[in-house]
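Here's a walk through one protein model, written for someone who'd rather be at the bench. Have the sequence and the 3D view open as you read.

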Amino acid sequence: VGSEMCIETGQAPLTLQFWNSQIFEDGTAGCYDGALLEITTDDGATWAQAPNETLLTQPYNGVISSDFDNPLAGRLAWCGDQWEYLHNIVDLNAFAGQTVRFRFRVGTDRTVGRPTGGWEIDDLAVQSCQSQFDTSPWRRSVPPSQGCGQTTTSEGIPLAGLRQDDDLRGTQRRHKSTLRCP
């Protein structure tokens, strides 16, 4: 479970992006083991599965079997083997103006599964695209913060209040896709 994250308003499209590699035990009708993404807007009191229609790439591809006591039985999930890392993009526009947390869940059954396997997630990022961004290589302008509060880069630089002439070279290299529209 990650830290709370404010999803600002007025910055659509908003996405959660990550790379994923998985090795899960497949079944004849669905899968015995699988994984899914859940989101909370109430600090973890309740969690909701990210609906398949919000998964812009790599949608869930199977239903977890109700045989053998998997705690996620009957839910749509990512199933099977994907040896290569795949780029997942999740639409977060419905969460604009809210504070969220993300949880990645793996459910396995009670029988012996794969001797090796599991789920690897890398390069997790929440990204937005605004028409106000300056597309020059190192500089950008940012409108006043809207929604949940002040947004900062990972280096702690406040994004609200930056001027077009502010130089974000170190930040730009590490977070290039978050600072410019693709």
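## The open sheet

In what order do the 4 strands of the open sheet come, and in which sense do they pair? The order is S1-S10-S5-S6, and the pairing is antiparallel. At the edges sit strand S1 (5–7) and strand S6 (48–49), each of which pairs on one side only. Keep in mind that you're looking at a predicted model.

Let's zoom in on one edge. S1 and S10 are joined by 3 bridges, running antiparallel. If you want a spot to click on, try Cys6: its bridge partner in S10 is Thr99. Strand S10 itself covers residues 98–107, and Gln98 is part of it. Is Gln98 buried or partly exposed? It counts as partly exposed, because its relative accessibility is 28% and the buried class stops at under 20%. Gln98 and Asp42 are 56 residues apart along the chain, yet 9.4 Å separates their C-alpha atoms.

## The whole chain

Now step back. The protein has 2 helices and 11 strands. Going along the sequence, the pattern reads β-β-β-β-β-β-β-β-β-β-β-α-α, with the strands ahead of the helices.

The chain has 182 residues, 35% of them buried. About 9900 Å² of the protein is exposed, and carbon and sulfur atoms supply 49% of that. How much of the contact list joins residues at least 24 apart? Taking contacts between residues at least 6 apart in sequence, the share is 74%.

## Strand S2 and its two partners

Strand S2 (residues 14–23) is worth a look for how covered it is: 9 of its 10 residues are buried. Which strand does S2 join through 9 bridges? That's S11, and the two run antiparallel. Leu16 is one place to see this, with Val126 in S11 as its bridge partner.

S2 also pairs with strand S9 (residues 81–91), again in the antiparallel sense, over 8 bridges. Here you can check Gln17, which stands opposite Ile89 in S9.

## Salt bridges around Glu38

How many salt bridges does the model have? The count comes to 5. One of them links the side chains of Glu38 and Arg103, at 2.6 Å from N to O. Glu38 belongs to strand S5 (residues 34–40) and Arg103 to strand S10, so this pair ties together parts 65 residues apart in sequence. The two ends sit in different classes of cover: Glu38 is buried, at 2% relative accessible area, while Arg103 is partly exposed, at 21%.

Glu38 also forms a salt bridge with Arg105, where the closest N and O atoms are 3.3 Å apart. That pair, too, links distant parts of the chain, with Glu38 in strand S5 and Arg105 in strand S10, 67 residues apart. Arg105 counts as partly exposed at 25% relative accessibility.

Another salt bridge runs between Arg101 and Asp43, with 3.0 Å between the closest N and O atoms. Arg101 is in strand S10 and Asp43 is in the loop between S5 and S6, so parts 58 residues apart in sequence are tied together. Arg101 is partly exposed, with a relative accessible area of 21%. Which residues do shared partners join into one network? They are Glu38, Arg75, Arg103 and Arg105.

## A buried charge in a loop

One more stop: Asp109, in the loop between S10 and strand S11 (118–128). Asp109 is buried but has no salt bridge. How far off is the nearest side chain of opposite charge? That side chain belongs to Arg110, and it is 8.0 Å away, while a salt bridge calls for a nitrogen within 4 Å of a carboxyl oxygen.

What the side chain of Asp109 does make is a polar contact with the side chain of Thr111, at 3.1 Å. Leaving aside neighbours within four places in sequence, Asp109 is also in contact with Glu25, Tyr32, Asp33, Asp67, Phe68 and Asn70.

Terms used
Residues are numbered from 1 along each chain as its sequence is written. This is a predicted model: local features need pLDDT of at least 70, side-chain atom pairs count only at pLDDT 80 or more; totals for chains, interfaces and linings use all residues. Side-chain values use heavy atoms; hydrogens and water are left out. Buried means under 20% relative accessible area, exposed over 50%, partly exposed in between (1.4 Å probe, protein chains only). Contact means heavy atoms within 4.5 Å. Accessible areas come from the Shrake-Rupley method with a 1.4 Å probe; for residues, only the protein chains shown count as cover. Two strands pair if DSSP finds at least two bridges between them. Lys and Arg count as positive and Asp and Glu as negative; His and the chain ends are not counted. A polar contact is a pair of N or O atoms within 3.5 Å; within protein, one must be able to donate a hydrogen and the other to accept it, and residues adjacent in sequence count only if both atoms are side-chain atoms.
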